[in-house]
Amino acid sequence: MASVRFTVTPTKAEDLPGLSDTSPDLSSRSGARVRFGSRESVNRSDPLSESLGGVTTVATAAGGGAETPEHSSIEPGEGNSKISSVYINNAHGVDDDDFYDRNLALFEEEMDTRPKVSSLLSRLANYTNLTQGAKEHEEAESIGEKKKASKSPQMGTFMGVYLPCLQNIFGVILFLRLTWVVGTAGILQALCIVFICCCCTMLTAISMSAIATNGVVPAGGSYFMISRSLGPEFGGAVGLCFYLGTTFAGALYILGAVEILLVYIAPKAAIFEGEGAAMLNNMRIYGTIFLLLMSLLVFVGVKYVNKLASIFLACVIVSIISIYVGALVSAFKEPHFPVCMLGNRTINSHDVADDQCNKTVMVQMTDTMETNLTAASVENSTMGPTLFPTQTLAMMEKTTFLWEHFCQGPELNASCDEYFKSNNFTKIKGIPGLASGIIAENLWSSYLSKGDVLEKRSLSSSHISHPSSAHHLYVFADITTSFTLLVGIFFPSVTGIMAGSNRSGDLKDAQRSIPIGTILAILTTSIVYLSSVVLFGACIEGVVLRDKFGYSVKGNLVVGTLAWPSPWVIVIGSFFSTCGAGLQSLTGAPRLLQAIAKDNIIPFLRVFGHGKANGEPTWALLLTALIAELGILIASLDLVAPILTMFFLMCYLFVNLACALQTLLRTPNWRPRFSYYHWTLSFLGMTICLALMFISSWYYAIVAMVIAGMIYKYIEYHGAEKEWGDGIRGLSLSAARYALLRLEEGPPHTKNWRPQVLVLLKLDEDAHVKSPRLLTFASQLKAGKGLTIVGTVVPGNFLQSYGEALAAEQTLKHLMDKERVKGFCQCIVAQKPREGISHMIQSSGLGGMKPNTVVMGWPHAWRQSDDPTWKTFINTVRVTTAAHLALLVPKNISLFPSNSEPCTEGYIDVWWIVHDGGMLMLLPFLLRQHKVWRKCAMRIFTVAQMEDNSIQMKKDLATFLYHLRIEADVEVVEMHDSDISAYTYERTLMMEQRSEMLRQMRLSKSDRAREGNPGSSSSRPEAGGATRSQAQLVKDRNSMLRLTSIGSDDDDDTDGGERDRAASGGGSSEHHRRVQMTWTKEKTSQYRATHSGCSTPEGFRDMLSIRPDHSNVRRMHTAVKLNEVIVNKSHDARLVLLNMPGPPRNTDGDENYMEFLEVLTEGLERVLLVRGGGSEVITIYS
């Protein structure tokens, strides 16, 4: 290893000519050290090294090596600094470049999980505008350094947000339907409609601005905002609704373009002649052609669409300007658009010349003409001439084109329509002008039914109520109008406010541009719409406004009649603007669908996430075109508009909901830069959206909500799980907190009691659950819809066993999913299982959602001397009693039915011995709600003593069950006083002798532990021999007596035969075999010394004189008698529930307690020991 020595001449930093204020500070601290990397040339001529003129380097090669020094440092000395590599430990061979800054040496071990701030900021600076959570985002982060730096977005507020929003908001409705809305609703109601819709979009824009400025907004627009704010379920549902709305908007724009083409530009291009159905068929054919051409253009390349966007926007702006100019010009010079009226009815003057708005006209002619016309009239009888001879000229009255439509012939004496005969034709100005005062007449609404004639109220007409015929040349209303219908038709003209947020990835400063550009665009369009309503009402005649297709003004576009200099400005401009809007919709909708598909929240949409090599969504475009074709087949702009109104309103509703929710929840991450928002504004916007949905079309609103609900449930049950930190999760947290605080106000009422179960499971060495049927049984109890916590104790130290605890938790979660148990897992690491269980019982749950019932299994092989589980079992019983919790102990749990094994018949028997809160009544009811136990009947047994009236007890119990609304058979079992049997006495005696033997073993172990210390080894061999002998004696005794019960979990052997023989006075050899293994300490020592105690019966005479404790005999007597009665009555029951006796207060009798429980449940296949928590859990009151 080469070493390098640097000699540093002390020089002040101020004296160095090359050091500026921004240079590294080399002399700020006396202990500062400078490192030179191993791969850097020391003699490199950089400014810093050149500036250090007083630094002299001396290199000394050690060991003949010519290697570059790996680590070097400047060490401060007295007058100079010396470098020595011996102070740097490089035993691991790590280059100096891999060492972190010495200022962060304290944190270098955690740098993999806690990166330096500099690296974090570097990653944030290289942030890519990809949808958060998408796979591409993670890939882009991992290989960000390898990718070529992309061009940073440079679009500002005006070009990036304001103009796109203008182009998307101004659309077909402004040019084709706004005049009709004004004429039908009147100026006042039209202003109300426009104001409500604009308020809706403005409030939505405020909410959207708050969401968009709450952090970096990746490309994805409104879908991204909703999904990340409200979660994948709401995001997917509303995202698809927004997609459908955008797709139907494309259909709406195409239908508008076709209507402009066939009605105003080229009426002769219609394939089917006529009105009504023929016109709809024309719309369908041309609409399909337009859709194919536009889809092809989008497929070829979006860049062409973007290039045309500015042209289309220019058309919109020019058209709007021409309307304003025309309105101002009309104040000085009215456009010539006369409207022909018959009485007060409007005439369709599409094919009527200006001079033909009369019944007859006077024709001037010469004599020659008169002679010819007279001959012609005699021959053809087409005219009835009247001659007015004045020299060489004559005047003749001639019927007009209109006469022939209202009369049965052209003759003057032909039979005519009554209304036609009673009223005269007049001409009124279609565009009276701004100064005409027509605004007063247009203030009020004039709603019509389908087939009604457009009438001008101010004109006089005869009051003959003759119905108008469809073949007359009137202008008819094509649909029945109402305020709600007009709202639904107009609302699409204010949509498009999301255009700026959709382009967030292209904006230089999205958090500043989106709020300003969107709100300015909405203000601009709102002013244009409101002023247009007033201008239309002040300049245009009312009947012309209500004339949707301009039939009264010779088929001109109504808004075009006001335009300056020519109506063709509006016609051409509106045609191109609607085509452009349609292209934008067909461009944006597939990308929205692709974003949803790439998020993988809806599995069946995955195929639409793929596209061409350049990322163009080919499959999504195909689906979009098919859905748009459905809208085109509807063929009516007035019927398609309410459909997309629903979808857009639902999208806006959830944007407002997201903002209101985040604001009310006060989520720590909710810190929008846009501060002019409030939850009340968002809530108001949400309310307006909901109201508009049902105002415009209640049945469409219900359909849209059903579609969104179905998508929501589909994502919830089948979609991919996503965690986006959404507001719904925050709402759940707030609701849970509120509910928990409410539950803390007091103890629950008896009527609200339900089992909140803590299931204690034990895991084996391989982390497998030993008794999974415990969880099955708990799932069958969940008809109470309470809390379920599944817990286990992992032995060990938490620091070393944390991984095992996580593995155990995953095991429990997997088992819970398998058993379909909804609940929580809790794994506690403790040195001793009994301590862990005690801690779990104390700490499980939160507030009012703490467990009130503990379920645990019966200890296996508790009689084995080396099995400590029975002690843990009894300790748990004591802990639950102290905590006032109910306890359920299923015995022989392996024989309990699984969820796939329903009981077809049988009984659930309840042995109600003592009352402890009604748990015994409630549990069978809950079990019978489950399919496994549903067909089992319920029987209740209670025990009557000698002093009880069993008949009255049965009546009272039946009445009690009737009030509890529980159906069950009732039986009272009488237990007479009887003497204690020999079997009971003998069983008690053996129980106490076994307890004494185990106690002596524990004493021997403690003695041996004490003798293990130095200085106390005198009796070690003797004590060890005694312990081994006693252990052998206990083992032999257990194997000979075989005191395991029927159906126990560890052995199928039974002592029933022994009990029968003892009860019937069996032989002395059997009796001797029972008692010969009863030992005391003295007799055991005597046996070990003489080895002859067991061969001589005299050695046991003292042991035979032992008398068992009287209280133990009484308890054993109760257990034996109850067991006989229970086995007799319930031997065929599917499940037996009975009260569980409490443990003894003195811990010395714990072994006896286990024996009592064993005797009590002998001979029963499935037993559920129940111990109440001390509170009432069932009541007869409603």
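## Packing of α18 against α19

In this predicted model, the crossing of helices α18 and α19 is right-handed. The contact draws on Leu586, Ala589, Pro590 and Leu593 from α18, and on Ala620, Leu621, Leu623 and Thr624 from α19. Sorted by chemical character, the residues of this contact comprise 7 nonpolar and 1 polar, with no charged residue taking part.

Two packed helices are described by the angle between their axes and the distance between the axes. For helix α18, which spans residues 567-599, and helix α19, which spans residues 618-634, the angle is about 120 degrees and the axes are 8 Å apart. Because angles of 65 to 115 degrees count as roughly perpendicular and those over 145 as roughly antiparallel, α18 and α19 are therefore oblique to each other.

## Packing of α6 against α21

A second helix pair is formed by α6 (residues 178-212) and α21 (residues 679-696), which pack at an angle of about 135 degrees with their axes 9 Å apart. That angle makes α6 oblique to α21, and the crossing of α6 and α21 is left-handed.

On the α6 side the contact involves Ile196, Cys200, Leu203, Thr204, Ile206 and Ser207, while α21 contributes Leu681, Ser682, Leu684, Gly685, Ile688, Cys689 and Leu692. The residues of this contact divide into 9 nonpolar and 4 polar, and again no charged residue is present. An α-helix has 3.6 residues a turn, so residues three or four places apart point the same way.

## Disulfides

How many disulfides does a search of the whole structure find? The search finds 2 disulfides, and the bonded cysteines, counted along the protein chain, follow the pattern 1-2, 3-4.

One of these links joins Cys340 and Cys357, whose sulfur atoms are 1.9 Å apart. The torsion about the S-S bond of Cys340 and Cys357 is about 90 degrees, so this disulfide is right-handed. Cys340 belongs to strand β3 (residues 338-342), whereas Cys357 sits in the loop between β4 (345-346) and β5 (360-366), so the bond ties together parts that are 17 residues apart in sequence. Cys340 and Cys357 are both buried. The other link joins Cys407 and Cys416, with their sulfur atoms 1.7 Å apart; the value about the S-S bond is 105 degrees, and this link is right-handed. Both Cys407 and Cys416 are buried.

## Cysteines outside the disulfides

Among the cysteines that are in no disulfide is Cys192, for which the nearest cysteine sulfur, belonging to Cys197, is 9.1 Å away. The relative accessible area of Cys192 is 34%, and Cys192 is therefore partly exposed.

Cys903 is also in no disulfide, and the nearest cysteine sulfur to Cys903, that of Cys936, is 4.3 Å away. Since a disulfide requires the two sulfur atoms to lie within 2.5 Å, the separation of 4.3 Å does not qualify. Is Cys903 buried or exposed? With a relative accessible area of 7%, Cys903 is buried.

## Helix α26 and its surroundings

Helix α26 covers residues 833-843, and its buried residues are Gly836, Ile837, Ser838, Met840 and Ile841. The elements that cover these buried residues include the strands β8 (757-760), β9 (788-795) and β10 (824-830), together with helix α27 (869-882). After α26 comes Gly845, whose phi is positive, near 80 degrees.

Within helix α27 lies Thr876, which is buried with a relative accessible area of 1%. Which residues is Thr876 in contact with, once its neighbours within four places in sequence are left aside? The partners of Thr876 are Leu760, Ile837, Ile841 and Met856, and of these Ile837 and Ile841 are among the buried residues of α26.

## Leu740 and a contact distant in sequence

Leu740 is placed in helix α23, which runs over residues 727-743. Its relative accessibility is 19%, and because buried means under 20% relative accessible area, Leu740 counts as buried.

Not counting residues up to four places away in sequence, Leu740 touches Leu846, Gly848 and Met849. The pair of Leu740 and Leu846 is separated by 106 residues in sequence, yet the C-alpha to C-alpha distance between Leu740 and Leu846 is 7.7 Å.

Conventions. Residues are numbered from 1 along each chain as its sequence is written. This is a predicted model: local features need pLDDT of at least 70, side-chain atom pairs count only at pLDDT 80 or more; totals for chains, interfaces and linings use all residues. Side-chain values use heavy atoms; hydrogens and water are left out. Axes are lines fitted to C-alpha atoms, for helices over the stretch in contact, and angles run from 0 to 180 degrees between N-to-C directions. Helices (H or I, at least four residues) and strands (E, at least two) are DSSP runs, numbered from the N terminus. Angles under 35 degrees count as roughly parallel, over 145 as roughly antiparallel, 65 to 115 as roughly perpendicular and the rest as oblique. A crossing is left-handed if the near helix is turned anticlockwise from the far one by less than a right angle, and right-handed if clockwise. Contact means heavy atoms within 4.5 Å. Ala, Val, Leu, Ile, Met, Phe, Trp, Tyr, Cys and Pro count as nonpolar, Asp, Glu, Lys and Arg as charged, and the others, Gly among them, as polar. Buried means under 20% relative accessible area, exposed over 50%, partly exposed in between (1.4 Å probe, protein chains only).
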